[in-house]
Amino acid sequence: MIYIITGPSGAGKTLVGEYLKSKGLRELVSHTTRAPRPGEKDGEAYHFVDRETFQSTPKVEESEYAGNLYGVSRAEVDAKLCLGDVVAVTDFRGARSFKKHFGDEVRVIFVDSSVKNLRQRMKKRGDSPENIRRRILHRRNSRETGHRLFADYIVDNNSSIRTLYRKVDQLLRRR
Ligand SMILES: Nc1nc2c(ncn2[C@@H]2O[C@H](COP(=O)(O)OP(=O)(O)O)[C@@H](O)[C@H]2O)c(=O)[nH]1
Ligand SMILES: Nc1ncnc2c1ncn2[C@@H]1O[C@H](COP(=O)(O)OP(=O)(O)O)[C@@H](O)[C@H]1O
């Protein structure tokens, strides 16, 4: 099974991904041209690359978000999918590409949260006001929330992290 986690910035996608990893799923680590945030190590959150390297890497899907490129390489999928369940964090376009390529093997999890919480969490994470503004604007302009309808599971993350993990446990049992 391929779990694709999608949803607006600050919703809790990374946390859900980490939790699924703690349950033994392998992560498809994306490539991106975005600069690392403090504490993000190359090869862990992302493979941080320049545009040239990004463009010359064969990918299953790719997308542009807030001025940076993101995508999952063919090599990540080839190396990890044969070993068991995997998880990837992508935007809505990525989720759609995975569904198109891998059909019923894919489960899309949409993580959502109130704008107030999104703002607060991005602030806490240390994002600059400009970055927060761009991400909230993107959420509005791309009608990101409308994509909830496309997801297999919707996880609203407006409560504690424990509650979030409990919701994820429930959906793993439902599969
Ligand atoms: N299509 C696609 N989108 C991705 C990929 N990796 C991350 N994204 C999306 O890129 C957007 C920005 O990610 P990031 O810069 O880490 O910011 P964050 O969402 O605020 O943590 C998010 O909507 C992610 O879901 C990928 O491999 N493919
Ligand atoms: N339910 C929650 N309670 C408290 N903090 C949270 C909760 N969900 C997420 N966070 C925090 O908010 C920030 C953004 O979450 P993250 O998983 O990085 O979001 P995303 O990957 O969707 O942008 C992180 O610092 C995370 O620890």
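A66 counts as exposed because it has 12 C-beta neighbours inside 10 Å. (A residue is called exposed if 12 or fewer other C-beta atoms lie within 10 Å of its own, buried if there are 20 or more, and partly exposed in between, with C-beta atoms placed from the backbone.) A66 sits in the loop between β5 and β6, and its phi is near 45°, a positive value in a residue other than glycine. Most residues other than glycine have a negative phi.

A word on what you are looking at: this is a predicted model, in which local features need pLDDT of at least 70 and side-chain atom pairs count only at pLDDT 80 or more, while totals for chains, interfaces and linings use all residues. Residues are numbered from 1 along each chain as its sequence is written, and chains are lettered from A and ligands numbered from 1 in the order in which they are written.

**The whole chain**

The protein chain holds 7 helices and 9 strands. Here helices (H or I, at least four residues) and strands (E, at least two) are DSSP runs, numbered from the N terminus. The radius of gyration is 15 Å, close to the 16 Å that the globule rule gives for 175 residues, so the chain is as compact as a globular protein of that length. That radius is taken over C-alpha atoms, and the rule is 2.2 Å times the number of residues to the power 0.38. Along the principal axes, the C-alpha atoms fill a box of roughly 40 × 40 × 30 Å. Of the 175 residues, 33% count as buried. Among contacts with a separation of 6 or more, 70% come from residues 24 or more positions apart; two residues are in contact if their C-beta atoms, placed from the backbone, lie within 7 Å.

**The open sheet**

Back to the neighbourhood of A66. β5 and β6 form a hairpin with 2 residues between them, and A66 is in the turn. This hairpin belongs to an open sheet of 4 strands in the order β4-β3-β6-β5, with mixed pairing. β4 (47-48) and β5 stand at the edges with a single partner strand each, so one side of each is left without a neighbour in the sheet. Two strands are said to pair if DSSP finds at least two bridges between them. The table goes through the pairs.

| Strand pair | Sense | Bridges | One facing pair |
|---|---|---|---|
| β5 and β6 | antiparallel | 6 bridges | E61 and V72 |
| β3 and β6 | antiparallel | 2 bridges | H31 and G71 |
| β3 and β4 | parallel | 2 bridges | T32 and F48 |

Just ahead of β3 is V29, in the loop between β2 (26-27) and β3. V29 counts as partly exposed because it has 18 C-beta neighbours inside 10 Å. Leaving out residues up to four places away in sequence, V29 touches G43, Y46, H47 and E76. V29 and A88 are 59 residues apart in sequence, yet their C-alpha atoms are 6.9 Å apart in space.

**The core**

The largest nonpolar core has 29 residues, and those with the most contacts inside it are Y3, I4, I5, V16 and I109. (Such a core is a set of buried Ala, Val, Leu, Ile, Met, Phe, Trp, Tyr and Cys residues joined through C-beta atoms within 7 Å.) The elements giving two or more residues to this core include β1 (2-6), α4 (92-102) and β8 (106-112). I4 touches A88, T90, G94, A95, F98, V106, V108 and I109, not counting residues up to four places away in sequence.

In α4, the buried residues are F92, G94, A95, S97 and F98. What covers them includes β1, β5 and β8. After α4 comes G103, whose phi is positive, near 50°.

**Two ligands**

Ligand 1 is surrounded by 19 residues, the closest being S9, S30, S63, Y70 and G94. For this purpose a residue is near a molecule if its C-beta atom, placed from the backbone, lies within 6 Å of it. The elements that give two or more residues to this shell are α1, β5 (59-65), β6 (68-73) and α4. The shell divides into 4 nonpolar, 9 polar and 6 charged residues. (Ala, Val, Leu, Ile, Met, Phe, Trp, Tyr, Cys and Pro count as nonpolar, Asp, Glu, Lys and Arg as charged, and the others, Gly among them, as polar.)

Around ligand 2 there are 14 residues, of which G12, K13, T14, L15 and R121 come nearest. Here α1, α5 and α7 each give two or more residues, and the shell divides into 4 nonpolar, 6 polar and 4 charged.
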